Amino acid sequence: MLVIGRTLARYGLDELLALIPVFRPYAWVSRLNPFRRRLVRRYSRGRRLRLALEALGPPFIKLGQILSTRRDLLPADIIEELAYLRDDVAPFNGDIAAAMVAEALESDLDRLFPVFGREPVASASIAQVHSAKLPDGTGVAVKVRRPGIEALIDTDLAVMFAVAALGERAHPEARRLKLVAVVNEFAKTIHDELDLEKEGAHASQLRRNFRDNPILLVPQVHWRRTAREVLTLEWIEGVAIDKRDALDRAGADVDAVSRYAAEVFFQQVFRDGYFHADMHPGNVFVGAGNQLQVVDFGIMGTLAADQRRYLADMLLAFLERDYPRAAWVHLEAGYVPADTDMAAFEDALRAIAEPVLDRPLEEISMAHLLIRLFQTTRRFHMETQPQLILLQKTMVNVEGIAREFNPQMNIWTAVQPLLRDWMISEKGPGRAWREVRREAPEWGRLLPALPRQAASFLDRALADDLTLNLHGPQLEQIRDEVRGGIRRLALAGTGGALVLAGSLAALVPDLEPRLGFPGWWLAAGLAGAGGLLILAGLIRART
């Protein structure tokens, strides 16, 4: 914790230090730093936060990467800087990696991989990748988790939780930022990334989803050479999608790759509801026949069928500038409360979308529109949707790749007809029949028991034996307010009693001989303590 405080102070992050009581002394240290003013003038607050996270090491860099997707919480200038965070770190020794592979897979390395490259081909904060060959000569990529990384991350997470809890307890702004929830989200994400066997399961599912569509290659998992600490995948020979010169030399068709990118995005998000949530340029390659190839499956997003339909309906409404429909889709999906002023909400959506949609076609960004939506609709009490945040990150990455690769094409011109056709099929009789077929076995199980359950319900109702349990954010808020009121009342009552006791003590004669010190000391102490408790109650009432 001391290291965190010193690092934040070194980079002049006084606002952040002030949120957490244990760090407040470091804010004074920061202000006394003779180089602080030059640092603040030279770098923006976002840049200084990014530099501080980089100095704190890989787990904090990962946290910054998670925060870079939370435009609903942080201002744009900080988000833009955090987007530059990269977790490229120096590789660890290849011999150590080889020994870890043999230990994790409980076999001799030469039997597993007759050829195992000691120099890693890629290195990141969680793991590094080595090239290798199977006994039959097949090339594979072996991903090996860093030694000791789990213990290091658990230690850093414990510190992050403590800091976040202290901040939320002490400062309203920290509560608004939901620091504990952010750290909790980060903990879930990074623990998923630590489990390479789970990453293999993600890759296997995505490969199965595209088994009939050759435009995307997902490398095959070699399960007999995979464990929690080691993942073995098919080796791919593609060219990184951001290496434009190399792609031109390989004869890649720019328009075909762009169309494939749009189709891959559509199929993952809308048809399957299971999407790669870390599609930055370093994880996307182009192979023979303009085939797209992806790696790194640590973070995946999921969307339920109703979420996909709502999202498609919302995007089409925005693209067609049908703001009343866009507003009603939000209401039907439960993204905004039922008592929302729909006229005001529709006007807010129009203000969000028009500056984005009024641009030239190649500049339209639906990801940017979603970002503006998250930032603006907070005043309508629109709840944060974690999967939509992951999707927004994916959209930013896919749009960025498409625009960098083919500036003349907008991915949404390719996605829009796919979306429209899919929505027609989803709202047609075919979908209703599919639902009936899928649910028929469950109906067959429930229907025989229905008369008995109805009779039991009526018997309990007639016997006045029904219990109603109510839950919800409003009830939680009322409960918290009642608890707060009781605490304030207790503070005020105790404080009043102490003040009264102090007043009475001042009236008692000859106290000094009995106490051994002046009686007014006791009276003043009791009255002072009571006054402080009353003051604490008043402060609680205002926060």
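# Salt bridges, helices and strands in a predicted model

Arg-145, Glu-150, Asp-195 and Arg-228 are linked with one another in a network of salt bridges. The model in which this network appears is a predicted one, and the structure holds 17 salt bridges. The protein chain is built with 26 helices and 11 strands, and of its 543 residues 44% are buried. Among the contacts in the chain with a separation of 6 or more, 64% are between residues 24 or more positions apart.

**Salt bridges around helix H18**

- Side chains of opposite charge can pair when their charged atoms come close.
- One such pair is Glu-354 with Arg-321, whose side chains meet in a salt bridge with an N to O distance of 3.0 Å.
- Because Glu-354 lies in helix H18 and Arg-321 in the loop between helix H16 (305-319) and helix H17 (323-333), this pair ties together parts that are 33 residues apart in sequence.
- Glu-354 has a relative accessibility of 23% and therefore counts as partly exposed, and Arg-321, with a relative accessible area of 34%, is partly exposed as well.
- Another salt bridge joins the side chains of Arg-325 and Asp-322, at 3.3 Å from N to O.
- Arg-325 is partly exposed, its relative accessible area being 25%, and Asp-322 counts as partly exposed at 28% relative accessibility.
- Within helix H18 itself, Arg-350 forms a salt bridge with Asp-347, and the closest N and O atoms of the two are 3.3 Å apart.
- Arg-350 and Asp-347 are three residues apart in helix H18, which is about one turn of the helix.
- An α-helix has 3.6 residues a turn, so residues three or four places apart point the same way.
- Arg-350 is partly exposed with a relative accessible area of 29%, while Asp-347 counts as partly exposed at 48% relative accessibility.

**Helix H18 and its buried residues**

- Helix H18 covers residues 342-357, and at 1.5 Å a residue its 16 residues should span 22 Å, which agrees with the 21 Å between its end C-alpha atoms.
- At the start of H18, the backbone nitrogen of Ala-343 has a side-chain oxygen of Asp-341 within 3.2 Å.
- The buried residues in H18 include Met-342, Phe-345, Ala-348 and Leu-349, and further along the helix Ile-352, Ala-353, Val-356 and Leu-357 are buried too.
- Leu-357, which is found in helix H18, has a relative accessibility of 6% and so counts as buried.
- Although Leu-357 and Glu-320 are 37 residues apart in sequence, their C-alpha atoms are 9.5 Å apart in space.

**Helices H12 and H10**

- Helix H12 (residues 179-194) also has 16 residues, which at 1.5 Å a residue should span 22 Å, and this agrees with its end C-alpha atoms being 22 Å apart.
- Among the buried residues of H12 are Val-182, Val-183, Phe-186, Ala-187 and Ile-190, and the charged residues Asp-192 and Glu-193 are buried there too.
- Asp-156 has its place in helix H10 (residues 149-170), where it is buried yet has no salt bridge, since the nearest side chain of opposite charge, that of Arg-146, is 12 Å away.- Leaving aside its neighbours within four places in sequence, Asp-156 is in contact with Pro-59 and Phe-60.

**Strands and their pairing**

- Strands of a sheet pair through backbone hydrogen bonds, either parallel or antiparallel.
- Strand E4 (residues 139-145) and strand E6 run antiparallel and are joined by five bridges, with Ala-141 having Leu-233 in E6 as its bridge partner.
- Strand E6 (residues 230-234) is mostly covered, for four of its five residues are buried.
- Elsewhere, four strands form an open sheet in the order E5-E10-E9-E7, with mixed pairing.
- The edges of this sheet are strand E5 (216-217) and strand E7 (239-240), each of which pairs on one side only.
- Strand E5 runs parallel to strand E10 (residues 292-294), to which two bridges join it, and Leu-216 stands opposite Leu-292 in E10.

Methods: Residues numbered from 1 in each chain as written. Predicted model: local features only at pLDDT ≥ 70, side-chain atom pairs only at ≥ 80, totals over all residues. Heavy atoms only, no water. Buried < 20%, exposed > 50% of the residue type's maximum accessible area, 1.4 Å probe, protein only. Pairing = 2+ DSSP bridges. Expected span 1.5 Å × (residues − 1). Polar contact = N/O pair within 3.5 Å; in protein donor to acceptor, adjacent residues only side chain to side chain. Salt bridge = Lys/Arg side-chain N within 4 Å of Asp/Glu carboxyl O. Contact = heavy atoms within 4.5 Å.
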